[in-house]
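Trainee: I would like a close look at one part of this model. Please take the salt bridges and go through them pair by pair.

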Amino acid sequence: MADYQLLVFSWNDLFPGLTQSGTASSLVGQTFTFNGGGDIVTYRDTDQFSGSFGDHGFVTNRIIGNIDGVNVDNAQVNPEYTFTVQDSAGNTVGKIWAITPNNNNLSDVVAFTLDFEPTKGETYTVSQFNDTDATPYSNLYVCFASGTLIDTDRGPVKVEDIRPGDKVMTRNNGAQPVVWTGERRLSYQHLAFHGKTRPILIEAGALGAGSPSQPLVVSPQHRVVISSKIVKRMTGEDEMMIPAKKLLELDGVEQIVPDTGVIYHHVLCETHEVITANGALAETLFLGEQATEMLSPEHRQEIETRFPGLADRMEMHPLARSGLENRGKIEKLVSRHAANHKEIAESSAAAL
């Protein structure tokens, strides 16, 4: 069983002038103009296909929360069918899932959810429907959020103000030049649609004294350094880097959906480095398989064109490799820190 936060739209959000009647095929050919709205609800995935949102033939899943101000009261639902959607230029932009009590009646649609980010004011057309589509819940990204202070050779600088040629202070190699920076803007709607892209907020001191020195916001897969007696006892390592999303059990660490969305920033050096971000130790961009999948195609092409072969020759930082080698122990390790209210980053970033 797993809970997911979904952005859903009521019938009136999408089709306010259309009578809610007929069957799924009745909606094909209809248009709607997106005017915003929507509610975030909890979708409790209890079937054997947990992790995949779609019609799997089960009605054990639940939707919990309020839609248009009405409590849906833990309703038992299923994503029964999808509609393919085209924009006003005739381009296919994605799909709409109809969440129902496992039937084909439009009158029983509890809500809709989308796998694309709609543009306010755009008019869309429902072109066809399918009753068996499924989709993963989310995508992943690795980067810092705007406002993060990165330690450089000229003092702390906001990550969005760092440019190629600027030198960041690293844990192992002193001041190192940044060779490339990039950014990705994700709107509130995108974060609501794609749960695993939502930023992780680490409150000041949540990892240890001065770590971070002020709230730090990073993407879920962004690695931070942990070091404690518990880490040493359970892994034999003095310290390691683990993804921020693995820290959610700790007090002061949570996943958030900012109303204004988020801007994620990539900071790339020629080597995978540990730097200081808001007083906490964290990684620069690593051009491994996972990271290159998370970059946009344009960013991947830009990096390969400007730095041929860099992705192939970049080695993972030893602390990140240690985190990977001990990934089977991380959940238990973090739980032990949470249960005992122990600092998980005893070594301060001030050592830089």
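Is D238 buried or exposed?

Mentor: D238 is exposed, because its relative accessible area is 55%, and the cut-off for that class is over 50%. Keep in mind that this is a predicted model.

Start with the partner of D238. K232 forms a salt bridge with D238. Their closest N and O atoms are 3.4 Å apart. K232 has a relative accessibility of 40%, so this lysine counts as partly exposed. The pair therefore joins a partly exposed K232 to an exposed D238.

Now step along to E239. This glutamate pairs with R171 in another salt bridge. Here the closest N and O atoms are 2.7 Å apart. Where do the two residues sit in the chain? R171 is in the loop between β16 (167–170) and β17 (174–177). E239 is in the loop between α3 (229–235) and β22 (240–243). The two are 68 residues apart in sequence, so their salt bridge ties together separate parts of the chain.

Look at the cover on each side. E239 has 16% relative accessibility, so it counts as buried; the limit for that class is under 20%. R171 comes to 29%, and so counts as partly exposed. The R171 bridge thus has a buried carboxylate partner, E239, whereas the K232 bridge has an exposed one, D238.

A third pair lies within a helix. The side chains of E302 and R306 meet in a salt bridge, at 3.5 Å from N to O. Both belong to helix α5, residues 297–306. They are four residues apart, so about one helical turn separates them. E302 has 32% relative accessibility and counts as partly exposed. R306, at 43%, also counts as partly exposed.

Why can such pairs form at all? Side chains of opposite charge can pair when their charged atoms come close.

Finally, set these pairs in the whole chain. The structure holds six salt bridges, among them R171 with E239, K232 with D238 and E302 with R306. The chain has 352 residues, and 48% of them count as buried. Its secondary structure comes to eight helices and 26 strands. Take the contacts between residues at least 6 apart in sequence: 65% of them join residues at least 24 apart. The accessible surface is about 15,700 Å². Carbon and sulfur atoms account for 44% of that surface.

How values were computed
Residues are numbered from 1 along each chain as its sequence is written. This is a predicted model: local features need pLDDT of at least 70, side-chain atom pairs count only at pLDDT 80 or more; totals for chains, interfaces and linings use all residues. Side-chain values use heavy atoms; hydrogens and water are left out. Buried means under 20% relative accessible area, exposed over 50%, partly exposed in between (1.4 Å probe, protein chains only). Contact means heavy atoms within 4.5 Å. Accessible areas come from the Shrake-Rupley method with a 1.4 Å probe; for residues, only the protein chains shown count as cover. A salt bridge is a side-chain nitrogen of Lys or Arg within 4 Å of a carboxyl oxygen of Asp or Glu.
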